Amino acid sequence: QVQLVESGGGLVQAGGSLRLSCSASGSILRLSAMGWYRQAPGKQRELVAGIDSGGSANYADFAKGRFIISRDSAKNTVYLQMNRLSPDDTAVYYCNAYIRLQWGTPWQNAWGQGTQVTVSS
C-alpha cells in the first residue's frame, strides 16, 4: 500500500514563507510526475505546481515567482517552498503523484491527505 504524507502546513502572516514536504512510502517501484494542488473553501481543487521525473517544473500563474517546487528522488519526496504568501493562498494543500508498484502494472495516481495552510493578514 502506498501513502503520501504531507507536512509543513500551518499559520503564517502575510508576506511570510512556508515549506511543504510530501513523502511517498510503501512498495514503490518508480515515481513519475509529482505535484501540489490546493483547495480553498467553496472552490475547486487547482494545480499549484508540478514536477516531472527529470526535474522539469510547471507552475500556475499565481505561483510563478513566489513558489518553488523541487524533489528528492532518492527520498521519494517532493517539496513546495512558498514565499510572499498572501491570505489568498489560504487553502488545504494536497500532494499528488503517479506511482508504479511493479513492472508491467499501470501507473496509479495517489493523493495525500492534505495539509492546511492559513495566511493571516
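**Exercise 1. Work out which secondary structure elements the protein chain holds, and what its overall dimensions say about its compactness.**

Solution. Start by counting elements: this predicted model has 11 strands and 0 helices in its protein chain. Next, read the elements from the N terminus, which gives β-β-β-β-β-β-β-β-β-β-β. Now turn to compactness. The radius of gyration is 14 Å, close to the 14 Å that the globule rule gives for 121 residues, so the protein chain is as compact as a globular protein of that length. For the outline, take the principal axes: along them, the C-alpha atoms fill a box of roughly 50 × 25 × 25 Å.

**Exercise 2. Describe the surface, burial and contacts of the protein chain as a whole.**

Solution. Begin with burial: of the 121 residues, 39% are buried. Then look at the outside, where the accessible surface comes to about 6500 Å² and carbon and sulfur atoms account for 47% of that area. For contacts, take those between residues at least 6 apart in sequence; 55% of these join residues at least 24 apart. Finally, place the charges: there are 11 positive and 7 negative ones, and their mean positions lie 4 Å apart.

**Exercise 3. Find the pairing partners of strand β9, and decide whether β9 is largely enclosed or not.**

Solution. Take the partners one at a time.

- β4 (residues 30–39) runs antiparallel to β9, and 8 bridges join them. Trp36 has Cys95 in β9 as its bridge partner.
- β10 (residues 108–111) is also antiparallel to β9, with 4 bridges. Here Asn96 is partnered by Trp111.
- β11 (residues 115–120) pairs with β9 in the antiparallel sense through 3 bridges. One example links Val92 to Gln116 in β11.

Now for burial. In β9 (residues 91–100), 8 of the 10 residues are buried, so the strand is largely enclosed by the rest of the structure. When you inspect the side chains, keep in mind that in a regular strand they alternate between the two faces of the sheet.

**Exercise 4. Locate Asp89, then establish whether it is buried or exposed and which residues it touches.**

Solution. First, the location: Asp89 sits in the loop between β8 (77–82) and β9. Second, the accessibility: its relative accessible area is 1%, and the cut-off for buried is under 20%, so Asp89 counts as buried. Third, the neighbours: leaving out residues up to four places away in sequence, Asp89 touches Arg38, Arg66, Phe67, Arg84, Val117 and Val119.

Technical notes:
Residues are numbered from 1 along each chain as its sequence is written. This is a predicted model: local features need pLDDT of at least 70, side-chain atom pairs count only at pLDDT 80 or more; totals for chains, interfaces and linings use all residues. Side-chain values use heavy atoms; hydrogens and water are left out. Buried means under 20% relative accessible area, exposed over 50%, partly exposed in between (1.4 Å probe, protein chains only). Helices (H or I, at least four residues) and strands (E, at least two) are DSSP runs, numbered from the N terminus. Two strands pair if DSSP finds at least two bridges between them. The radius of gyration is taken over C-alpha atoms; the globule rule is 2.2 Å times the number of residues to the power 0.38. Contact means heavy atoms within 4.5 Å. Accessible areas come from the Shrake-Rupley method with a 1.4 Å probe; for residues, only the protein chains shown count as cover. Lys and Arg count as positive and Asp and Glu as negative; His and the chain ends are not counted. The place of a charge is taken as NZ of Lys, CZ of Arg, CG of Asp or CD of Glu.
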